[in-house]
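The exercises below ask you to read a fold step by step, from the pairing of strands to the packing of side chains. Please work through each task with the coordinates open before turning to its solution.

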Amino acid sequence: MDDEIADHEALRREIRDKYRDVAADPDRSSGFCTGRPLAQRLGYPSSIVDALPGHAVESFAGVSNPFSLRHLKRGEKVVDVGSGAGFDAFVAAGQVGEKGRVVGIDMTPEMITKSRASAAALGLTHVEFRDGLAEALPIEDGWADVVISNGAINLCADKRTVLAEIHRVLRPGGALQFADVANGRPVPPEALRDIDLWAA
């Protein structure tokens, strides 16, 4: 399917533009729900959401709750693919505790800046955010016990490479917990080439 996308870099630019806006002005209409209302709708416990300050939640733009699949264990090492402003990484940090480690990866500079500022404000020294692509994760082989992702894999044209990268960074027996948008029917080629549809 990825061969039918007209321009992978144009798709990345469009997605960066959209999420730059979500980072800078999360209250502005972006075509989808964000922040605390979205987290509550997706079933995140209010005790977790309410404990985080506004800047750590306001730009959340996930599609479901990857932690509903399994509560992370204390001490686990976690990679968050497409970490955005860091909301899921902060949830993961609370679950793995200070002996665990969480690394968020995102390709939007404004999201990385926001997530790093929130982590510093929260005093989360076991969380870090790195600039990078899902197709080329800046993580060493076999480092992660768990990879999480929320609404990011579907934005990547080359999903085979993304999944191969996730497999590469997971230790043997590690877990992938992701929430995403899936379509069980064939997508017409003209829709695959419509970058606006991908980023909507």
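Two strands are said to pair if DSSP finds at least two bridges between them. Helices (H or I, at least four residues) and strands (E, at least two) are DSSP runs, numbered from the N terminus. The model is a predicted one, in which local features need pLDDT of at least 70 and side-chain atom pairs count only at pLDDT 80 or more, whereas totals for chains, interfaces and linings use all residues. Residues are numbered from 1 along each chain as its sequence is written, and side-chain values use heavy atoms, with hydrogens and water left out.

**Exercise 1. Establish the strand order of the sheet and the partners of its strands.**

Solution. Begin with Val 81, which stands opposite Ile 105 in β2; β1 and β2 pair in the parallel sense over five bridges. Next, take β1 and β4, which are also paired in the parallel sense, over four bridges, and note that Asp 80 has Ile 148 of β4 as its bridge partner. Extending the tracing gives an open sheet of five strands in the order β3-β2-β1-β4-β5, with parallel pairing. The edges are taken by β3 (127–131) and β5, each with a single partner strand, so one side of each is left without a neighbour in the sheet. From one strand to the next, the twist averages 20°, where axes are lines fitted to C-alpha atoms, for helices over the stretch in contact, and angles run from 0 to 180 degrees between N-to-C directions.

**Exercise 2. Describe how α5 and α7 are placed on the sheet, and which of their residues are buried.**

Solution. Here contact means heavy atoms within 4.5 Å, and buried means under 20% relative accessible area, exposed over 50%, and partly exposed in between (1.4 Å probe, protein chains only).

1. β1 and β4, paired over four bridges, are both touched by α5, which packs on the sheet with further contacts to β2 and β3, and whose direction makes about 170° with that of β2.
2. α7 packs on the sheet as well, touching β1, β4 and β5, and its direction makes about 135° with that of β5.
3. Nine of the 10 residues of α5 are buried, so this helix is largely enclosed by the rest of the structure; among them are Phe 87, Phe 90 and Val 96. α5 is followed by Gly 97, whose phi is positive, near 75°.
4. In α7 (residues 159–169), the buried residues are Val 162, Glu 165, Ile 166 and Val 169. Seen down the helix axis, these fall within an arc of 100° (taken from the directions from the axis to the C-beta atoms), so they line one face of α7. The face turned away from that buried side carries the exposed residues Arg 160 and His 167.

**Exercise 3. Characterise the surroundings of Gly 104 and Ser 83.**

Solution. Gly 104 lies in strand β2 (residues 101–106), and at 0% relative accessibility it counts as buried. Leaving aside neighbours within four places in sequence, Gly 104 is in contact with Asp 80, Ser 83, Glu 128, Phe 129 and Arg 130. Ser 83 belongs to the loop between β1 (77–81) and α5 (87–96), and its 7% relative accessibility is why it counts as buried. With the same exclusion of sequence neighbours within four places, Ser 83 is in contact with Gly 104, Ile 105, Asp 106 and Phe 129.

**Exercise 4. Identify the nonpolar cores and the elements that supply them.**

Solution. A nonpolar core is a set of buried Ala, Val, Leu, Ile, Met, Phe, Trp, Tyr and Cys residues joined through side-chain atoms within 4.5 Å. The largest has 27 residues, and those with the most contacts inside it are Tyr 44, Val 78, Phe 87 and Val 102. At least two residues of this core come from each of α2 (35–41), α4 (54–57), α5, α6 (109–122), β3 and β4, and the largest share, seven residues, is supplied by α5. A second, separate core of 16 residues includes Val 79, Ala 144, Ile 153 and Leu 170.

**Exercise 5. Account for the setting of Glu 76.**

Solution. Glu 76 is found in the loop between α4 and β1, and at 8% relative accessibility it counts as buried. A polar contact is a pair of N or O atoms within 3.5 Å; within protein, one must be able to donate a hydrogen and the other to accept it, and residues adjacent in sequence count only if both atoms are side-chain atoms. One such contact, of 3.1 Å, joins the side chains of Glu 76 and Arg 70, while the backbone nitrogen of Lys 73 lies 2.8 Å from a polar atom of the Glu 76 side chain.
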